[in-house]
Amino acid sequence: MTHSSATADAFRQEVRDWLEENCPQSQRQPAVAADQFWGGRSGSFPSEDARLWYERMRDKGWVAPEWPREYGGAALDAQQARIIKQEMKRINARTPLYGLGLWMLGPALLEYGNTSQKEQHLPAIVKAETRWAQGYSEPGAGSDLASLQCRAEEHDDHFLVNGSKIWTTAADRCDWIFCLVRTSTEGKKQEGISFLLIDMHSPGVSTTPIELISGESEFCQTFFDNVKVPRENLVGELNKGWSVAKALLVHERKLMAEIGSDSPRKVVSPREAAEQYLQKDDTGKLTNTELRSQLADYDMQMHAIGLTHMRCFEERQAGVRSPAPLVMKYLGTEAEKTKSELLLKIMGSRGLGWEGDSFTDEELDTLRLWAMSKAMTIAGGSSEIQLNVIAKSVLELPQE
Amino acid sequence: MPLVLNEEQRLLRDTSREFLQRSAPVAALRALRDERNSLGYQADLWAEMAEMGWACVTLPEAYGGLDFGFLGLGCVLEETGRTLTASPLFASAVLGSNTILFAGTESQKEHYLPRIATGELTVALALDESHHHAPADTGCTAQCNDEHAVISGRKVFVADGHSAELLLVVAEDQYGLGIYAIPENTPGLLRERTVMVDSRNAANLTLNAVTVPLSQRLGGTEDCAAALEQALDRGRLALSAEMLGLVEEVFERTVAYLKEREQFGALIGSFQALQHRAAQLQAEIELCRSVVMQGLSAIDDAPEQVPLTASLAKARLNDLAEWATNEAVQMHGGIGVTDELEIGFFLKRARVSMQMLGDTAFHRDRYATLSGY
Ligand SMILES: Cc1cc2nc3c(=O)[nH]c(=O)nc-3n(C[C@H](O)[C@H](O)[C@H](O)COP(=O)(O)OP(=O)(O)OC[C@H]3O[C@@H](n4cnc5c(N)ncnc54)[C@H](O)[C@@H]3O)c2cc1C
C-alpha cells in the first residue's frame with residue numbers, strides 16, 4: 001500500500017467514526033424538499049435534529065471542507081473532501097446546508113475576490129447567515145448570456161443598476177444576489193460585463209415569483225430600479241466579469257452533472273419502484289420484458305456515468321487531461337430526465353398524482369421531480385449548448 | 001481501482017500503437033482479404049507480436065507469462081482495434097489461454113500455457129452452436145468411459161477455428177459441462193472456414209464421434225461451467241477493449257473528415273446538425289472508456305465485479321460500435337460506401353464483434369438477471 005492510500009484510509013476511518021457519533025439518526029434518510037436547509041435571514045431549520053446536524057458540521061468545518069479555516073472551512077484537499085462526501089452518502093446522511101453561495105459564489109470568490117470580500121461573505125455563507133441568488137439570465141439573454149443588458153452605471157463610489165434578471169431561483173428568499181451587469185457597450189459583448197454583488201435589501205430591488213410546471217414557484221423575475229451598489233462590491237476588474245462568470249459556470253456544470261449520481265434529494269430509484277409496482281415471475285424476473293429492458297438500460301447508463309465520475313476524479317488527481325468532465329453535464333441531466341420518465345412508466349397511473357391523499361408522498365414527489373427534471377437540461381447551459389461546447393472545445397470542429 | 005493508466009501501461013500502449021500502425025495497418029487486412037490468404041493472418045507478424053510478449057501479457061509467471069494485468073493487455077487490444085489487425089491474439093492468447101487457465105488441471109496448464117505464451121501454439125474455443133451466443137445451451141455431447149471420450153456435434157462461429165492447432169470444444173457430458181482439448185488433425189473433426197464480412201477468421205466445426213483420451217478433458221472430471229463463464233467474461237472485456245479502439249479510430253477519422261470536406265462554401269464540420277451528432281458520440285465514448293477500464297481493472301483487482309461489468313461493457317460497446325460506424329459512413333457521404341475508403345472495414349468488423357460472445361440483448365438480459373430483476 002502506498003503512503004497516500006494509507007493516510008487516505010486512516011482519514012476515511014476518522015470520518016466514519018466522527019459521522020457515526022455526530023450525525024443524528026433522523027438525518028440519515030433521504031431528504032424531500034421540505035427537509036432541506038438553505039439558510040439565510042428568512043431560512044429556518046426543518047427540525048431540531050437538522051439544526052444540530054448543521055451546527056456540528058459547521059463547527060467541524062465540513063460544510064465547506066475545502067475552504068480555508070479562516071473562512072469557516074477545514075482546509076482539506078479534494079481527495080479528503082471526496083471521502084467525506086462518500087462516507088456521508090454511505091450512511092445516507094443529508095446535506096446539512098444547501099445554497100448557491102456554498103456551491104458557486106464561494107469557489108469563485110476564493111479565486112477572484114479580494115480579501116475584504118472574502119472576509120465579508122465566505123464566513124457568512126458557512127454560518128448560513130446569507131442565502132445567495134444567481135442573477136445571470138435576462139428575458140433577452142439566455143443561452144446567449146453575453147448579450148445581457150442590465151446596466152450598471154459607474155458613479156464615484158457606487159454603481160447605479162437598472163434592468164431585470166429572470167429565472168433567479170428563490171430570489172424572494174435570498175439576501176444577496178451575484179449579478180452579471182453591463183458596464184460598457186464598446187468592443188466585444190463579453191468585454192463590457194462586470195460581476196457585482198448586490199444586497200437584495202437595497203432600495204429599488206423587487207421580485208415577482210414565476211409559477212412552474214412542477215407547481216412550485218422556485219423562480220422569480222428580479223427588478224433593479226436605480227439600485228445603488230457600493231463600488232467595493234465589484235468582483236475582479238471592471239469589464240472583466242466574464243472570466244469570473246465562466247469560472248463559476250464550471251462549478252455549476254459540475255454540480256448539475258452530479259445531480260443524477262449524487263442527488264441531494266433522493267427519491268425512489270427505478271429499481272426500487274420496479275420491486276414495488278411491477279410483477280416478477282417464479283425465477284425473479286420482471287414479467288414486463290419491455291420495462292425490464294428499459295430499466296437495465298437506465299441502470300447501465302448510470303453505472304457508466306458513475307464510473308466516469310470516478311475516472312474524472314482519478315484523472316484530476318493524476319494530472320491527466322481528458323474530455324470526460326466536459327461531457328458530464330449533458331449526460332447527467334439527460335439521464336435524470338430518462339430516469340423520471342422511466343419512473344412514471346413503472347408506476348403507471350400511480351405516478352400521475354398531482355396532490356391529495358389518494359397518492360403516497362413518494363408518488364407525488366416523483367411526479368413533481370419529473371416536471372423539474374425537464375429544467376435540468378435547460379439550466380446551466382442547455383443540452384444543445386453543452387453539445388456546442390463539446391464540438392468546439394473537444395473535437396475542435398470549425399465554427400461558422 | 002485504477003481508471004487511469006500508469007507509466008508502464010502508457011508506454012506499452014505507445015509502443016503497440018507504433019508497431020501496429022507500421023506493421024499491420026488496415027491495408028494489411030485488405031491485402032489478406034484480396035489475396036484470399038488461407039491462414040487469415042500474417043504468420044511472421046504474429047511471431048513478432050509474440051516476440052514482444054503480447055501473447056503472455058496477463059498469464060501468471062509460473063506459466064511463462066508476464067503477469068502484467070488486464071489493464072495492460074487492454075492497451076494492446078485497443079491498438080489492434082484501431083488497426084483491425086488480424087492475429088490469434090484474442091482467440092488464442094486471451095480466450096483460449098484463459099479457458100485452460102480456469103478449467104485445466106495443473107499439469108494441463110503446465111503443458112499448454114507456456115506454449116501459448118510464446119505464440120508457438122494457437123488454440124481456439126469452440127462454444128456456440130446456433131446463430132446467437134447462448135453458452136447455456138450446449139447440444140454437443142461427449143460419451144466418456146474410463147479412458148476415452150467420444151465427442152459429437154456441431155459448432156459455429158469459432159474464432160480462428162480453421163487455423164488453430166488445438167480446439168477447445170465445449171460439450172455436455174456425465175460430469176456436467178466438459179471442455180475437450182482436441183488437436184486439429186484428430187479423425188472425425190471437420191473444419192470449414194466461413195468467409196465472414198470482416199475478412200477475419202471464423203469456422204464451423206463438425207465432430208463425428210471424435211475420440212480422444214479422457215486426459216484431454218480439461219479439469220479431469222470437474223464440471224467446467226463456472227470456469228468457462230470466467231473465461232468468457234475475460235474474453236468479453238478483452239473484446240470490448242478492442243472495440244473501443246475500433247470506435248476511437250473510426251470516430252477520429254470521421255472528425256478529421258468533417259474538418260476537411262467543404263460543401264456550400266463551408267467545412268461540413270461547421271454544420272451544427274453534424275456537430276451535435278459528433279458531440280453525442282464523444283460523450284458516449286467517454287462512458288465506454290470508463291466502463292472498459294473499470295472492467296479490465298476489476299479482473300486484476302476485484303474479480304467479484306467482473307460478471308456485471310463484463311456485461312455492462314459488452315452491451316455498451318456493441319451499441320456504440322453500431323452507432324459510431326453507421327455515423328462514420330453517413331458523415332463521409334458517397335465515398336463512405338466505397339470499398340476504397342477504409343471506413344467500410346471498421347463497419348464490417350464492428351458487426352462481427354457485436355455478435356461475438358453476446359449481443360446487446362444477451363448482455364442486457366444478463367445484467368438485469370445479475371442485478372436481481
Ligand atoms: C431550473 C433552472 C434554474 C435556473 N436558475 C437560474 C438562476 O438562478 N439564475 C439565472 O440567472 N438563471 C437561471 N436559469 C436560467 C438558465 O440559465 C437559462 O434558462 C438558460 O441559460 C437557457 O436560456 P433561455 O431559457 O433563455 O433559453 P434560450 O436560450 O432561448 O433557448 C431556447 C432553445 O434554443 C436552444 N439554443 C439556444 N442557443 C442555441 C445554439 N447556439 N445552438 C443550438 N441551440 C440553441 C436552447 O438549447 C433551447 O433548446 C435557470 C433555469 C432553470 C431551468
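A residue counts as near the ligand here if one of its heavy atoms lies within 4 Å of it. Keep that in mind for the first two views, and remember throughout that this is a predicted model.

**View 1. Who sits around the ligand.** By that cut-off, 20 residues surround the ligand. The closest ones are Q134(A), S137(A), S143(A), S382(A) and E384(A). Chain A doesn't do the job alone: residues from chains A and B surround the ligand, so the site is shared between chains.

**View 2. Polar partners of the ligand, up close.** Start with Q134(A), where a backbone N or O atom lies 2.7 Å from a nitrogen atom of the ligand. Y136(A) also uses its backbone, with an N or O atom 2.8 Å from an oxygen atom of the ligand. E384(A) brings in its side chain instead: an N or O atom there is 2.7 Å from an oxygen atom of the ligand.

**View 3. Where chain B meets chain A.** The contact draws on 40 residues from chain B and 42 residues from chain A. Put together, the two chains bury about 3,500 Å² between them, and 63% of that is on carbon and sulfur atoms. On the chain B side, L287(B), R364(B) and Y373(B) lose the most area to chain A, together making up 21% of what that side buries.

**View 4. Charged and polar links across the interface.** Four salt bridges turn up between chain B and chain A. For one pairing to look at, take R292(A) and D365(B), whose side chains meet in a salt bridge at 2.7 Å, N to O. Polar contacts between the two chains come to 20 residue pairs, with both residues at pLDDT 80 or more. On chain B, the helices α7 (225-258), α8 (272-301), α9 (306-332) and α11 (360-370) each supply at least two residues of the side that touches chain A. Of the elements on that side, α8(B) gives the most, with 16 residues. Sorted by type, the chain B residues touching chain A split into 20 nonpolar, 13 polar and seven charged.

**View 5. Annotated stretches of chain A.** An unreviewed UniProt entry places "domain: Acyl-CoA dehydrogenase/oxidase N-terminal" at residues 7-129 of chain A. That stretch of chain A is 54% helix and 0% strand, and its end C-alpha atoms are 35 Å apart. The annotation "domain: Acyl-CoA oxidase/dehydrogenase middle", also from an unreviewed UniProt entry, covers residues 133-227 of chain A. Here the make-up is 0% helix and 51% strand, with the end C-alpha atoms of residues 133-227 lying 16 Å apart.

**View 6. Annotated stretches of chain B.** For chain B, an unreviewed UniProt entry gives "domain: Acyl-CoA dehydrogenase/oxidase N-terminal" at residues 6-120. Residues 6-120 of chain B are 66% helix and 0% strand, and the end C-alpha atoms lie 30 Å apart. Further along, "domain: Acyl-CoA dehydrogenase/oxidase C-terminal" is annotated by UniProt (unreviewed entry) at residues 229-367 of chain B. That span is 78% helix and 3% strand, with its end C-alpha atoms 14 Å apart.

Note on methods
Residues are numbered from 1 along each chain as its sequence is written. Chains are lettered from A and ligands numbered from 1 in the order in which they are written. This is a predicted model: local features need pLDDT of at least 70, side-chain atom pairs count only at pLDDT 80 or more; totals for chains, interfaces and linings use all residues. Side-chain values use heavy atoms; hydrogens and water are left out. Contact means heavy atoms within 4.5 Å. Buried area is the accessible area (1.4 Å probe) that two parts lose on being put together, summed over both. A polar contact is a pair of N or O atoms within 3.5 Å; within protein, one must be able to donate a hydrogen and the other to accept it, and residues adjacent in sequence count only if both atoms are side-chain atoms. Helices (H or I, at least four residues) and strands (E, at least two) are DSSP runs, numbered from the N terminus. Ala, Val, Leu, Ile, Met, Phe, Trp, Tyr, Cys and Pro count as nonpolar, Asp, Glu, Lys and Arg as charged, and the others, Gly among them, as polar. UniProt positions are given in the numbering used here, feature names are shortened, and annotations may be inferred rather than shown by experiment.
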